[in-house]
Amino acid sequence: MAHQMGISKVATISLSPQAYYDGIVNGFHSFAHDLGMTTMSVTMPIDADKETVSELLQTIKTNGFRVVFIATEYYNLTMTTADELGMVGDGWVWFGTEELVAEYSLITPHLLQGMFALVPALNASAQPLQDFHNCIDEHRNDITGKYANMHLNEDPKEMWFAFYYDAMHIMLRAIQTTRDDNQLGNATYFRSSLRSLSFNGASGTIEFDDKGDRIGAVYNVINFHYDKDSVSVNRTEIGIIDTKTMDINLDTSLMQFHDKRNVAPPDFDIGVCTVENHFNVSTSECVGGERTVVYNPRTDDAKRYCEAIPTLTVGCDYPSGVQTGTIVAIVGLVVNVILTALVFVYFKHPIIIRSQRRMVVVMCFGAIIAQLEPLFTGGEPTDGICIAVPIIISTSYLLLFGPLFLKSYRVSVILNNRKLKVIKISDKMLFKRLGALILINTVILVIMIVDDPPRSLLTNKQVSQEDGTWPTTILDRRCASAGGTYSTLLIFFLGMLMLAGCYISFTIRNARADLSEAKWIFISIYNGAVWALITCFLVFRVEGVDAAGIYDFVAVGVTITSTATLVLVLVPKFLMIKSGVRVDDLTKTTAATVVSRAATSEASSCVES
């Protein structure tokens, strides 16, 4: 019956040693195993007390069983203790023997809700049973004869008396068939005589198999329903079991478990289902920028008792194929190459010469190198790529912004030369300073590559369902170093350089646009700050953004930074060349501005004195 209800795990608690209960429980376990069910057994002694029963029930609970078959005389003690241990209620199922039906009135009513028991069925219309009941009615009130003054405490028409009656009959018939008085004391002979008998008794047809089990017994399935309003318990027949054919007919519409539903709750408690303890997780290869995370139950118990976890789709741990960022990077690279080509076309033009053309060329190559970074990293990271990324980023940053910083520095010195001293700042001097910056950067890179190089590593990444359930750790391939000290040092170095450039640009903010590029330099340095943030993304990887999203963000940021810098610095110069602006006019303006500043400074000194 339990198997038909979908139950596969049952624990038994029984009185032992006791021939009747031992026989029931042993038969239960044997047949349950034949059906592929899992069982466990605990037994209580004849003199069991509450402490003993509690220990046995806790053993069942600890082992995860939620369905219990009880075969004992101590029903009320067992059920009361189970209730105290939280083993009665929703999620628990209890089966009992016919003893439960006989003693249910002694059990606290609400504990019976949803319990099941089997009792032998009697055919009320069968002639032998009617004859037995007629005999009872005929002699119940006898005051003479062998049945006189019986003073019965119980109604002999109750079910069990029919079985007592047949049990006596079968014994007497076995004795009657034993013709040889010498065999009456032979248990083997007498048992054989019993098993060979067959007749129609008050409880039905009586015959036995070679094991001594009655053949063809029919049982009623009793389900106890507790009525909270009336505080009463109803014994409801919900089906029958024919042991001859082993047919089980249950009316599920009448069936009630403790929660008053007609579907059995889980028969086993494996605790809180977690990905780590109950599922094997497999992650597919990247296809179309996505991976699938599949959850397979590790055991049959996990498959049966844990909720199925939907397949999860997550982004790849590295960009694959042509991304939006790839297209943006290519466009930016083309623009940078065109602007660089125009610099060489007008390389000897006075305006380009006056713009410190060698520095401009270095800037252009820095912008082109920077634009190669997104194209170089658009695939599965390898050790070589991981090492190349900080080299490309830091070097191109210095080549692009270093000349801007140094040009601003020279303009600042000239414009702030209030005493009109002869100051010489040649391109050679500026290139030495740029070389010093590149040397510092190179030293940091070399030490990093030797001591703690970035590697392509498998790291843990946390993912979960959309509603945040089933947190899962999957492997993510990314570039990482053991300590990150040198990456932090690079960011600090480039950040300090950026702040210095911003300060210098601020000091020459009032210079005329035709004299100074301070405005454009400041905006370009601001873009450099954006690039620094992108570098932080590369080093520290913001959680919740997939690799493709980070790649697109980096590619767009690099393009805005490098291409916008060249456009802001070079396009105004190309427009002046196109419009025919004469460099002599710019030179006169420069001289006038410097003299004006010097005069203003001298006048201020006179006033103060």
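## A tour from core to helices

Start with the largest nonpolar core, which has 41 residues; select Ile13, Leu57, Ile60, Met87, Trp94, Leu100 and Phe224, the members with the most contacts inside it. Keep in mind as you look around that this is a predicted model. Next, colour helix 2, residues 50-62: with four residues, helix 2 gives the most to this core.

Now zoom in on Ile60. Which residues does Ile60 touch, leaving aside its neighbours within four places in sequence? You should find Ala11, Thr12, Ile13, Met40, Val42, Phe65, Val68 and Met87 in contact with Ile60. For a second, separate core, select Ile352, Leu404, Ile444 and Met498, which are among its 30 residues.

**The eight-stranded sheet**

Switch to a cartoon view and trace the open sheet of eight strands in the order 2-1-3-4-5-8-9-10; the pairing here is mixed. At the edges you will meet strand 2 (38-44) and strand 10 (247-250), and because each has a single partner strand, one side of each is left without a neighbour in the sheet. Neighbouring strands of this sheet are turned against each other by 25 degrees on average, direction ignored.

Inside this sheet, pick out strand 3 (residues 67-71) and strand 4 (residues 93-96), a parallel pair with four bridges. Click on Ile70 and look across to strand 4: the residue opposite is Gly96.

**The three-stranded sheet**

Move on to another open sheet, this one of three strands ordered 11-12-13 and paired antiparallel. Its edges are strand 11 (279-283) and strand 13 (312-315); each has a single partner strand, so one side of each lacks a neighbour in the sheet. As an average, 25 degrees is the turn between neighbouring strands of this sheet, direction ignored.

Select strand 11 together with strand 12 (residues 290-297), and you have an antiparallel pair joined by five bridges. A handy spot to stop is Ser282, with Val294 of strand 12 opposite.

**A helix pair to finish**

Finally, show helix 14 (residues 427-451) and helix 15 (residues 485-507), which pack at an angle of about 170 degrees with axes 10 Å apart. How do the two run relative to each other, given that angle? Angles over 145 degrees count as roughly antiparallel, so helix 14 is roughly antiparallel to helix 15.

Turn on side chains to see the contact. Helix 14 brings Leu437, Ile440, Asn441, Ile444, Leu445, Ile447, Met448 and Asp451, while helix 15 meets them with Tyr486, Ser487, Leu489, Leu490, Phe493 and Leu497. Colour this contact by class and you get 11 nonpolar, two polar and one charged residues. While you are here, revisit Ile444, which also belongs to the second core.

Definitions and conventions:
Residues numbered from 1 in each chain as written. Predicted model: local features only at pLDDT ≥ 70, side-chain atom pairs only at ≥ 80, totals over all residues. Heavy atoms only, no water. Pairing = 2+ DSSP bridges. Axes fitted to C-alpha atoms, helices over the stretch in contact; angles between N-to-C directions. Parallel < 35°, antiparallel > 145°, perpendicular 65-115°, else oblique. Contact = heavy atoms within 4.5 Å. Nonpolar A, V, L, I, M, F, W, Y, C, P; charged D, E, K, R; others polar. Core = buried A, V, L, I, M, F, W, Y, C linked by side-chain atoms within 4.5 Å. Buried < 20%, exposed > 50% of the residue type's maximum accessible area, 1.4 Å probe, protein only.
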